[in-house]
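Here are some exercises to work through with the structure open beside you. Try each task before reading its solution.

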Amino acid sequence: MNPPLDATIKNQVQIEDDRTGLNIETLRRAIADNLFYIQGKFPAIATKNDYYMALAYTVRDRLLQRWQSTMQIYLKQNVKVVSYLSAEFLMGPHLGNNLINLGIYEQVRQAVEESGLNLDELIEQEEEPGLGNGGLGRLAACFLDSLATLEIPAVGYGIRYEFGIFDQEIRDGWQVEITDKWLRYGNPWEIPRPEGAVEVKFGGYTEAYYNEQGNYRVRWKPNYVVKGIPYDTPILGYRVNTANTLRLWKSEACESFDFQTFNVGDYYGAVGEKVVSENLTKVLYPNDEPIQGKELRLQQQYFFASCSLQDMIRIHLYKGNKLDNFHQKWAVQLNDTHPSIGVAELMRLLVDEHHLDWNRAWQITKNTFGYTNHTLLPEALEKWSLNLFSRLLPRHLEIIYEINQRFLDQVRMKYPGDNQRLARLSLIEEGDERYVRMAHLACVGSHAINGVAALHTELLKQDVLRDFHQLWSEKISNKTNGVTPRRWLVLSNPTLTKLITSKIGDNWIKNLEELKQLEAFVDDAEFRSQWRQVKQEVKRDLAAVIAKHIGIEVNPESLFDIQVKRIHEYKRQHLNVLHIITLYNRLKRDKTLEIVPRTFIFGGKAAPSYFLAKLIIKLINSVAEVVNNDPDMRSLLKVVFIPDYNVTNSQPVYPAADLSEQISTAGKEASGTGNMKFSMNGALTIGTLDGANIEIREQVGTENFFLFGLTTEQVYELKARGYNPWSYYNSNQQLREVIDLISSGFFSHGDSQLFKPLIDSLLSQDQYLLLADYQSYIDCQEQVSQAYRNQENWTRMSILNTARMGKFSSDRSIREYSEEIWKAEPVKVELEEYVQANAGLKVNN
């Protein structure tokens, strides 16, 4: 006997929750509901931004299901959590990345199109949160993606800057900074948690006292108190149910309005506390701004470190734990020196607020923190004047003095009578003005220190942190950086992703080492042809973007020679320019000369007060103006500067590169991650033996990497002998002609003074050895041109670059941190199947 028809239908139809369902009709209903009930709009009056917001809330609902399940599992199992403290998180736009990680990109595209909309246009609506300057913040974002993908419990702690890194416009070739109003239309991905607010003290004085048990204690009497409000964003892993948390802190006044002051007629005084308090998280400081005197920056660093540590302690105690095992439940990683004040703050919280004895508190603190160093530049190792420090953080200075005294006593025992070593290791720098050395505080207060590339780590041991390495030989290790293939290949380069997956399946997206399987196809002529077609397609896409936004027509058949990164003298964008002018001079001298057509593409921001970096941007644009409009170039050379380079604008750039410029002075770049993104997308690298270039070259093969320039040892030797840039200028006619052409005003409408500061810097000092590396660079570029003429072999090299990039996934980096520093284990998160009967609210009192 057949069952009734309605019973058959009931068994076949799966009911989906509109907030969590993933089929096309459910998604369409959810978008419509969010447009109506959250945006308060109907289609006749809705803007494109309304539709974006409705879609974003639809996707966020699916994240929240996984996020809540994740939090419940973490709470129930009382797991060890990685806490990643970073002053910068350059997350990039969330929508596209979340669609990739949820595995619903195509379903959503279809749902959006069936609703009469265009997914690409909606994705373009998203304002990018500019909460970082570049590599440091982008690395933190990649790490959060990998932590969730590897199912490791984690929370990222940082600052919710109201205004992020400035938007960059180019006017008359100069960089102009525009306020980044990323929050102007709201942020659908974050959830404010005002009930989780904490208080942070500043200024004032301390007073000692003895408690009822006769123990010595210190009480901090602050001048003012600021409230930190957490804003949470779920960070989903790829094709897993784990969604970790990015918690960013916003500062607010404890009292926003003083009625008594208002009642006597002083309105501005009535809101004064609110204005001062909220200024704390108003704006992100650019990376290369001089640190000294930046009181606000120290306030920001302490604010978010204190908020985060108070939050961790609160969660820890809520789970029923005792503070004695805090370090067993939390692994706190300091992303560079910015959060290193956290060492003193955790000591203050444990000793002053929770009344642990000093020795126990120090054991917990030291075993909680790990410290990642990101720089070899001495000026980037933060230090704060004692006057400023004592005025802002009087209790912390006392704690640092105590840490320093106990630490130096250990040093004296190991190196008796070595006063110079004591001075070098001390947390306090002596001199006409005394400073607190924040990197030293991080080193002493952490159980592990790491560099971010093999060379960088060796140079830390030999130079910057040599004394610490001699004191604790096992403490410093290497953890080479990586990037997430989900954003930098799957999302940015879907055409290449499709080709790769058609050959080796899609497991490589979570295990990048599987790209190695592509080597089996390197001699397959049809596959090489497909690879070239993909490259040409993405080059045409970038050419279209350049034409639309910059107004320059470039030839997609030309070699795309790309250098995109923060503008800094050590990154040597101006060495690249010297090569362009060299080619320009050759073509002017011989108008029939045939060279490989090249499109030189630059992008990057200079810190607003870094004059020479801004002058380099002006030079690039001035050379572009001349080269692009000279008929003698016959379109063989084009120069483009992409304004406002950020995560959004970078996504079409990395896939389109033929040549990746990684040309920093050897020994200056800690690691670099742009080099990895380029190689992952099949670009070949021209570079020095600096940062992660060395490891990339080792992985892809020396024959698939264009090497030039002095080594780190040779740089040191040359400087020790007494480097004279004039000797290179005088002995190299080609170089002299290039320098003289710039000096003459040829690229500045006859103004011979415009680029004089840059030329004077090169000829008088040349701190980053451009002139010493010039000829090697020019010769290497000639090898690039010769190699590019043989497209079959170039394609082989391109395929091998991608195939051998498995090491440079941030998943590998995070596995190493987890196993060797954090001792954190993955935790599986399962979703409960939706059952309509159980969907109602049930509160268990």
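**Exercise 1.** In this predicted model, find strand 16 (residues 448-451) and work out which of its residues lie on each side, and whether they are buried or exposed.

*Solution.* Start with a general idea: in a regular strand, side chains alternate between the two faces of the sheet. Now apply that to strand 16: Ala 448 and Asn 450 point to one side, while Ile 449 and Gly 451 point to the other. Finally, check the cover: these four residues are all buried, so both faces of the strand are covered.

**Exercise 2.** Which strands pair with strand 16, and in what sense do they run?

*Solution.* Begin with strand 12 (residues 369-372), which is joined to strand 16 by 3 bridges and runs parallel to it. Here Tyr 371 stands opposite Ile 449. Next take strand 17 (residues 476-478), which also pairs with strand 16 in the parallel sense, over 3 bridges. In this pairing Ile 449 stands opposite Ile 476. Ile 449 therefore has Tyr 371 opposite it in one pairing and Ile 476 in the other.

**Exercise 3.** Locate Lys 677: what does UniProt place there, and is the residue buried or exposed?

*Solution.* First, the record: an unreviewed UniProt entry places the feature "modified residue: N6-(pyridoxal phosphate)lysine" at Lys 677. Second, the position: Lys 677 is in helix 28 (residues 674-680). Third, the exposure: its relative accessibility is 4%, and since buried means under 20%, Lys 677 counts as buried. Last, the surroundings: leaving aside neighbours within four places in sequence, Lys 677 is in contact with Arg 138, Val 483, Trp 488 and Tyr 654.

**Exercise 4.** How many residues of helix 13 (residues 342-353) are buried, and what happens just after the helix?

*Solution.* Go along the helix and check each residue: 11 of the 12 are buried, so helix 13 is mostly covered. The buried residues include some with charged names to look for, among them Glu 345, Arg 348 and Asp 352. Then step past the end of the helix, where His 355 takes a positive phi of about 60°.

**Exercise 5.** What kind of aromatic pair do Phe 202 and Tyr 224 form, and which strands hold them?

*Solution.* The model has 26 aromatic pairs in total. For Phe 202 and Tyr 224, the centres are 5.4 Å apart and the planes are at 15°. Planes under 30 degrees apart count as stacked, and this pair is stacked. Phe 202 lies in strand 6 (residues 198-202) and Tyr 224 in strand 9 (residues 224-236), so the pair ties together parts 22 residues apart in sequence. Phe 202 is buried, at 0% relative accessible area, whereas Tyr 224 is partly exposed, at 30%.

Now try Phe 407 and Phe 468: their ring centres are 6.2 Å apart and their planes at 10°, so this pair is stacked. Phe 407 belongs to helix 16 (residues 394-414) and Phe 468 to helix 20 (residues 466-471), so parts 61 residues apart in sequence are tied together. Phe 407 is buried at 3%, and Phe 468 is buried at 3%.

**Exercise 6.** Where do charged side chains sit over rings?

*Solution.* Look at Tyr 231: Arg 160 lies over its face, 3.9 Å from the ring centre. Then turn to Trp 472, where the charged end of Lys 475 sits over the ring, 3.7 Å from its centre.

Notes
Residues numbered from 1 in each chain as written. Predicted model: local features only at pLDDT ≥ 70, side-chain atom pairs only at ≥ 80, totals over all residues. Heavy atoms only, no water. UniProt positions renumbered as here; feature names shortened; annotations may be inferred. Helix = DSSP H or I, 4+ residues; strand = E, 2+ residues; numbered from the N terminus. Buried < 20%, exposed > 50% of the residue type's maximum accessible area, 1.4 Å probe, protein only. Contact = heavy atoms within 4.5 Å. Phe/Tyr/Trp six-rings, centres within 6.5 Å; stacked < 30°, edge-to-face > 60°. Lys NZ or Arg CZ within 6 Å of the ring centre and 35° of its normal. Pairing = 2+ DSSP bridges.
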